[in-house]
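User: Hey, I've got a structure open and I'm not sure where to begin. Can you walk me through it?

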Amino acid sequence: MSDRPRFYLTTPIYYVNDEPHIGHTYTTVVADAVARYRRAVGYDVRFLTGTDEHGQKIERAARAQGIRPIELADRVVHRYHELWRALSISHDDFIRTTDPRHRLAVEKLIRRMKSAGDVYLGAYEGMYCSGCEAFYPESQIRDGRCPDQGHPVERVAEESYFFRLSRYQEPLLEHYRRNPAFVRPASRFNEVRAFVESGLRDLSISRTSLDWGIPYPDAPGHVVYVWVDALTNYVSALGYGEDPEGAPFRYWPAQVHLVGKDILRFHAVYWPAFLLSAGLPLPECVYGHGWWLKDEAKMSKSLGNVVRPGPLLRDFGPDALRYFLLREMTFGLDGTYSDEQFLDRYNGDLANDLGNLLSRVVTLIEGGLSGAIPAQPDAPEARELEPAAADAHAAWRAAFDAYDFSGALAAAWRLVGETNRFLVRHAPWALASDPSRAETHRAVLWGASEALLQAAAMASPAMPRAAEEIASRLGSPLPRDLSAFRWGLLTTGGRVAKRAPLFPRIDKAAYFKESRAVDDSKPIQPAAPEPKPAPPEGVALLTIDEFMKVDLRVARVVSCERVEGAEKLLKLRVDLGTEERQIVAGIAKAYAPEALVGKRIVVVANLKPAKLRGVESQGMLLAADLGGRPIVATFEEDVPPGTRVR
RNA sequence: GCCAGCGUAGCUCAGCGGCUAGAGCGAGGGUCUCAUAAUCCCUAGGUCGGUGGUUCGAUUCCACCCGCUGGCACCA
C-alpha cells in the first residue's frame with residue numbers, strides 16, 4: 001500500500017538483570033529521535049526495542065529470590081515499559097526473547113544455518129562467566145574471575161553445537177569492502193575489520209549447562225546460546241519465525257542497528273555471519289555509539305557511579321533529559337555526564353533561549369493583538385526570518401541524516417537565537433503604541449511566532465511533548481510533515497495561550513544543595529530487589545582445610561620495575577622473610593613501580609609458578625578489584641615479612 | 001609492544017593549505033523592559049602538544065617525539 005521508503009531501526013534488547021540506567025536510556029532516546037525524524041520526513045518507520053531475558057545469570061538471580069525466571073523478567077520488563085512511556089518512546093514493537101514468536105524465529109534461523117551446512121556437534125571446554133554470558137580464554141582468568149567485570153568464572157566442559165563462523169571470514173571482509181558504511185563510525189569499522197582479519201573461530205551456539213533459554217531444535221538437553229538467541233530478535237519481531245519458509249517479510253533488512261560500542265562486534269561480525277548462513281539480507285548499517293562517562297570513568301555497578309534517569313526525569317521532565325542526551329554528546333564518541341553540564345544546558349538552551357522566547361511571544365501577542373494569530377501580514381518583517389529558517393531547516397535535515405543530533409539541534413537553536421534578536425531589533429512592545437505602524441507590529445509578532453513554530457518542529461524529534469506544547473500555546477497544530485521547508489505553518493486565527501514557564505529556570509546553587517542532601521542519605525539503589533551479592537555466585541564454599549592449603553604470607557617489596565613490552569605488568573622482588581621471590585602482577589596501570597617499594601603486601605606463596613610475557617612469576621599478590629582497577633592489599637602496621645596471613 | 005584516532009581560547013568543540021584562527025558555555029562590562037533577574041550588544045588576545053621538513057605560504061600535508069583515548073596483545 002505505502003510507497004514510502006521503509007526505515008527499520010532497532011535498539012539492542014536490554015538484559016533484564018539490571019534496572020534501566022542512562023546508557024539504556026541514551027540508546028533508546030537516540031533511536032526514538034531517529035524514528036520520529038524519519039516519520040516526519042516521510043518514511044514508513046518501524047522502531048523496535050525489547051529485552052533479553054534468558055541466561056544463567058537470570059536463572060540464578062531468580063532462584064536467589066525464590067521466584068521463577070520469567071517472574072523476575074516480568075518485573076524488570078515492567079520497569080522498562082514504565083520508563084519508555086515516561087520518556088515518550090515511540091517504539092512500534094517491544095520484543096522479549098521469551099515471546100513465542102521469538103522462539104519460532106530462533107528455531108527457524110538455526111534450521112536454516114544447519115541446512116547450509118554451518119552447524120556441527122562438538123565439545124566445548126572453557127572458562128565460562130555467567131555474568132558476562134561469555135567464555136574467556138584461560139589465560140585471561142585470574143583469581144577465578146573474568147577479566148571484564150570480575151565475575152566468578154567456572155570451568156565448563158560440555159557437548160555443544162558449533163556455528164562455522166570461520167567459513168565467513170572472507171564473505172564478511174568482502175561485504176565490508178563493498179559497504180564502507182556498514183559499520184559506523186568509521187574508526188570502529190577499522191577495529192571490526194582488524195578483528196575479522198585476525199581470524200575467526202567457530203562459535204559455540206548451544207549449552208547443556210543451563211535450562212533458562214530456548215530449547216535447541218531437535219537436540220534434547222541443549223539450549224540456544226545467548227548471542228544466537230539475542231541477535232535473532234531483530235527478525236523475530238518482524239514475524240520471521242511465523243512466516244512460511246522463504247517468504248519475504250516486511251521491513252527487513254534494517255536500515256540501522258543502534259548499539260553501544262561494547263556489543264558492536266556481535267552485531268558487525270556474528271550477526272551478519274548468521275544472516276549470510278541463513279540466506280537473509282544484511283542490515284544496512286550497524287552504528288556503535290559511545291558511552292556516557294561519569295567523572296571520567298565508565299559507569300558500572302561496581303564503581304557505584306551509575307546515573308539513573310529517574311531523578312533527572314522527576315526534576316526536569318522527559319524532554320529536558322532527551323534534549324540533553326542528544327545535544328551534549330557527539331554521537332559515536334564518548335560523552336561525559338555531570339549534573340552541572342545538565343543544568344547549564346537546561347538553563348541556557350531550554351529556559352533562557354527557547355522557553356523564554358515562547359513566553360515573550362505569547363505575552364506580546366496577547367497584549368498587542370488580543371491573543372489572536374493574524375493572517376500573514378504583507379509587511380516585509382513577516383518574511384525577515386524566512387531565510388534563517390530555511391537555512392536552519394536544511395542544516396537540520398543534513399545533520400539528522402548524518403546521525404549528528406547535536407548539530408541538528410544546534411541548527412534549530414540558531415533559529416531560536418535569530419528570533420530573539422529579531423524581537424530586540426524591532427521592539428514590538430514599542431510599536432504597539434504607534435497606530436501608524438500597526439502593520440509592522442503585526443508582521444513582527446507573526447514572524448516571531450512563525451519562526452518559533454518552525455524551531456519547535458525541528459526540536460520535535462528530540463522533544464515531542466515540548467514541541468506540542470509550544471504549538472498549542474501558539475494556537476497551531478504541530479506540523480507533521482517536515483520533509484520540505486515551508487514558510488507559513490501558523491494557523492490563521494489561532495489563539496495564543498499563556499501558561500506557566502515551559503522550562504522553569506533552575507537555581508543551580510540551590511539545586512546542588514538539595515540534591516546533595518538527598519544523595520548522601522540515599523545512595524543510588526535499584527528499586528527492585530537485586531540478586532544478593534553474597535554469597536559469591538559461582539564460587540563453591542570451601543572447607544577450612546581447603547582454605548588452609550593457600551599459603552598467604554606477608555612480603556616486603558624490595559624492588560619493582562616494569563616488564564618490557566607489557567602495558568599492565570610490573571615485576572616485583574619481594575622479601576618473604578626466608579627467601580626472595582619474583583612476582584609479576586598486572587597492576588602497572590594503577591601503580592608506579594617506585595610507589596610499591598618498601599610496602600608490605602600479601603602474597604600467595606604456594607602458587608604454581610607461571611610465565612607472563614616470558615617472565616616467571618613465583619606467586620601472586622592480593623589486590624582488590626575495583627571495576628578493573630587493582631588496589632593492592634597492604635598493612636597499616638609494621639608486620640615482619642614471612643608472617644602467615646589467614 | 002602492535003594498529004587506529006585524538007591533542008585548537010577556562011570548559012566542550014568546529015575549522016583541515018592562504019584574508020586579522022572560530023562557535024557555544026563560563027567570566028567581565030553595558031543595554032532594553034515584551035519575557036522565566038531572561039533577551040540583546042561589546043570584551044576575552046589562544047606558542048592551534050613539541051621538533052624538524054615539504055611549500056611562495058601550514059593550525060591545516062609529511063616525518064619523528066611527547067601526551068591522551070580506543071582496539072589487539074596482555075593482565076597467576
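**The RNA side first**

Analyst: Sure. Helix α12 gives the most to the surface near RNA strand B, with eight residues. Keep in mind that this is a predicted model.

User: OK, and which elements give two or more residues to that surface near RNA strand B?

Analyst: Those are α6 (186–197), α12 (339–369), α14 (405–426) and β20 (610–612).

User: Which residues come nearest to the RNA?

Analyst: There are 40 residues around RNA strand B, and Gly355, Asn356, Arg360, Gly586 and Leu612 come nearest. On the RNA side, sugar and phosphate make up 63% of the strand B atoms that come within 4 Å of the protein.

User: What does Asn356 lie close to, then?

Analyst: A polar atom in the side chain of Asn356 lies 2.4 Å from a sugar or linking oxygen of RNA strand B.

User: And which part of the RNA does Arg360 go for?

Analyst: A base nitrogen: it is 2.5 Å from an N or O atom of the Arg360 side chain. Phe503 also has a base nitrogen of RNA strand B by it, 2.9 Å away, but there the protein atom is a backbone N or O.

User: How do the residues of that surface divide into nonpolar, polar and charged?

Analyst: For the surface near RNA strand B, you get 16 nonpolar, 13 polar and 11 charged.

User: Switching topic. What's chain A made of, in helices and strands?

Analyst: Chain A has 20 helices and 25 strands. It runs to 646 residues, and 53% of them count as buried.

User: And what does it show on the outside?

Analyst: Chain A exposes about 28,900 Å², with carbon and sulfur atoms supplying 51% of that.

User: What about the contacts within the chain, how far apart in sequence are the partners?

Analyst: Take the contacts between residues at least 6 apart in sequence: 74% of them join residues at least 24 apart.

User: Now the inside. Which residues touch the most others in the largest nonpolar core?

Analyst: That core has 111 residues, and Leu9, Phe316, Trp413, Met463, Leu474 and Phe503 touch the most other members. Helix α16 (residues 438–459) gives the most to this core, with 13 residues. You've met Phe503 already, as its backbone lies 2.9 Å from an RNA base nitrogen.

User: Which residues is Trp413 in contact with?

Analyst: Apart from neighbours within four places in sequence, Trp413 contacts Tyr323, Asp349, Leu350, Asp353, Leu354, Ala459 and Met463.

User: And what's in the second core?

Analyst: That separate core has 59 residues, including Leu165, Ile205, Ala219 and Trp227.

Key: Residues are numbered from 1 along each chain as its sequence is written. Chains are lettered from A and ligands numbered from 1 in the order in which they are written. This is a predicted model: local features need pLDDT of at least 70, side-chain atom pairs count only at pLDDT 80 or more; totals for chains, interfaces and linings use all residues. Side-chain values use heavy atoms; hydrogens and water are left out. A nonpolar core is a set of buried Ala, Val, Leu, Ile, Met, Phe, Trp, Tyr and Cys residues joined through side-chain atoms within 4.5 Å. Buried means under 20% relative accessible area, exposed over 50%, partly exposed in between (1.4 Å probe, protein chains only). Helices (H or I, at least four residues) and strands (E, at least two) are DSSP runs, numbered from the N terminus. Contact means heavy atoms within 4.5 Å. Accessible areas come from the Shrake-Rupley method with a 1.4 Å probe; for residues, only the protein chains shown count as cover. A residue is near a molecule or strand if one of its heavy atoms lies within 4 Å of it. A polar contact is a pair of N or O atoms within 3.5 Å; within protein, one must be able to donate a hydrogen and the other to accept it, and residues adjacent in sequence count only if both atoms are side-chain atoms. Ala, Val, Leu, Ile, Met, Phe, Trp, Tyr, Cys and Pro count as nonpolar, Asp, Glu, Lys and Arg as charged, and the others, Gly among them, as polar.
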